[in-house]
Amino acid sequence: MLPYWVKKSFLNILLRISAFYFCSVHFIFWIYNAFFKQRQYVTPPNDRLLMISATQAVKMIASREISSTELIEAYIHRIEQVNETINAVVLKLFDSAREKAKKVDEFIQKNDDAEISQKIKQQPLFGVPFTIKDALEVEGEIITCGIFSRKDQKCERSAEAVIRMQNAGGILLAVTNVPEVCMWVEAVNTVYGRSKNPYDTRRMTGGSSGGEGALLGAAGSVIGLGSDIGGSIRMPSFFNGIFGLKPTPGVIPLSGHVPEPTGYKEQMLRIGPMCRFAEDLPLLLRILSGEENVAKLNLDEPVARKKLRIFYLEGISENPVLEPLSDDMRYALKRSVKLLERKYDLVAQRIELPLAKNVMEYFSLSMKQDTTDPEFNKMMLCLKGTKGEVNCYSEMVKFICGNSKHTLAAIITGILDSHDPFSEQQKKELLYKRDRLKRQITELLGNDGVLLFPSWPTTAKFHNEPICAPFNFCYTALWNVLAVPVVQCPLGLDKHGVPLGVQVIGNPLTDRNLIAVAQDLEEGFNGWAPAGPL
Ligand SMILES: *[C@@H]1O[C@H](CO)[C@@H](O)[C@H](O)[C@H]1NC(C)=O
């Protein structure tokens, strides 16, 4: 056994080397992008129809102020305007959307106010467009999950979450880009190419709901569905300046998700809403979770905001594989804490979670715990049937020669997935630590505690840069490992014109507290902000 001070000094040296490494990588990418690439961004929308929430839109359709057709046409026009720049949309369902909007408008014309308000009660998204990521099945459409071999395969059913949105009167308008097998932080694949950030096209959109985040951030959609097993709702929501909710496990069904999870992954993976306006979060959670769960989530009860207890944690420290928390992100976290302290008249408590530093180990073990899923290299080929498998090593050679149908991130993930670095004893120990950490959080937060935590170590990186900082997703993945609900909230733009944000975390079934805090942060920081000149 080494003495404590030796271990501590050794760790300190590693942490310095790590900080120097991340700093150098960023410097190199910054030089390249500043001198050889031009920042492009999506100009703000000037149509007022694009600036109202889904909640408002339904009211305006019901009161005949706007028609569903006008709303749909406004978004179709916007998608045509922005998609060229951000490559977020993989499937346009404009014709069927127009038909459905026409039916909505006919209903409104034919019926009186009482009948209309009855209709809206049953269908609270009556006539409002929505978009989804390319990983939720839609009957009769091609949903690829970014996998080349699925590019011509039509789905035989729709995901339950999509059906619930449609049953609520929502009109599916477009499907958006994802990384291969949804397992990377950049939305890039060999079927549809790379999506770009609407605030700065040189930067990543995040993943895996990256096209969804980019389209919403560009005001090309008002509400959408994403899914999140390691941050796939929250990362793109953060990088593109919008709200994203990873809800409590079990309230929104996962059927029809590509791939469908088994084992502990069923606790980790969540389908959830992404949107530009916080008032749409409760509406969407209600629709997606169904009546029986609305009661469980207490969605009808108002939140006693002044009785909340607020905690904050300044990132994950003492782990050299994670990039240190940037000053901008730390400042954003502190500003959000201050705002809540003032608003709720309380003192927030800063906490430390030393057990969190092993998050990467917890994540890789949790992904394999009790699972009967096909291995990753089989998923890269085809999810259904899993005929054969991809040899990731020969695929790596093909990739270098420029003729692979797979992405580098997926090939590396496939190689890593086929190795098991832990002994049985280590596994047991790590899972014990993970469960202790979970218990700490459960006991700390109770049913009135809310934890603020940075959305990521830095703001949106340049394209390909994440390959050099592959573990940064641990900032979001920690909360999948612990299976707790989280809302990502935008907090305005930094000096480079890219979004800042914070994660708001609570115990299972306290989603309504998190949404209430998100609404207050929206009021305090003006919520979603369109991209603009520097
Ligand atoms: C979105 O834009 C990209 C880039 O211009 C284009 O290649 C792609 O086909 C567009 N998507 C659709 C569905 O048209």
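Helices here are DSSP runs of H or I that span at least four residues, and they are numbered from the N terminus. With that in hand, we can walk through this structure, which is a predicted model.

Let us start with the second largest pocket. Its volume is about 560 Å³, and 25 residues line it. If you would like to find its middle, look for His 26, Ser 326, Asp 328, Thr 459 and His 496, the lining residues that lie nearest the centre. Which helix gives the most to this lining? That is α1, with 7 residues. Helix α1 covers residues 4–36, and α11, covering 327–344, also supplies at least two residues of the lining. As for the character of the wall, 11 of the lining residues are nonpolar, 9 are charged and 5 are polar.

Next, turn to the ligand. Around it you will find Asn 83, Glu 84, Asn 87, Val 89, Val 90 and Lys 92. Sorted by class, this shell holds 2 nonpolar, 2 polar and 2 charged residues. Some of these neighbours can be followed down to single atoms. In Asn 83, an N or O atom of the side chain is 2.4 Å from an oxygen atom of the ligand. Lys 92 also uses its side chain, placing a polar atom 3.1 Å from an oxygen atom of the ligand. Val 89 takes part through its backbone instead: one of its polar backbone atoms is 3.1 Å from a nitrogen atom of the ligand. How much of the ligand does the protein cover? On its own the ligand has 360 Å² of accessible area, and the protein covers 56% of that. Two elements each give two or more residues to the shell, namely α3 (68–86) and β1 (89–92). The largest share comes from strand β1, with 3 residues.

Our last stop is strand β9, made of residues 309–312. Which strands does β9 pair with, and in what sense? One partner is β11 (residues 449–454), joined to β9 in the parallel sense over 4 bridges. To see this pairing for yourself, find Ile 310, which stands opposite Val 450 in β11. Another partner is β10 (residues 349–350), which runs parallel to β9 and is joined to it by 2 bridges. Here the residues to look for are Tyr 312 and, opposite it, Arg 350 in β10. Strand β9 thus pairs with β11 and with β10.

Note on methods: Residues numbered from 1 in each chain as written. Predicted model: local features only at pLDDT ≥ 70, side-chain atom pairs only at ≥ 80, totals over all residues. Heavy atoms only, no water. 1 Å grid on protein atoms, 1.4 Å probe; cavity = no way out; pocket = protein on both sides within 12 Å on 5 of 7 lines; lining within 4 Å. Points joined across faces, edges and corners; volume = space filled by probe spheres on them. Nonpolar A, V, L, I, M, F, W, Y, C, P; charged D, E, K, R; others polar. Near = heavy atom within 4 Å. Polar contact = N/O pair within 3.5 Å; in protein donor to acceptor, adjacent residues only side chain to side chain. Areas by Shrake-Rupley, 256 points an atom, 1.4 Å probe, with all protein chains shown as cover. Pairing = 2+ DSSP bridges.
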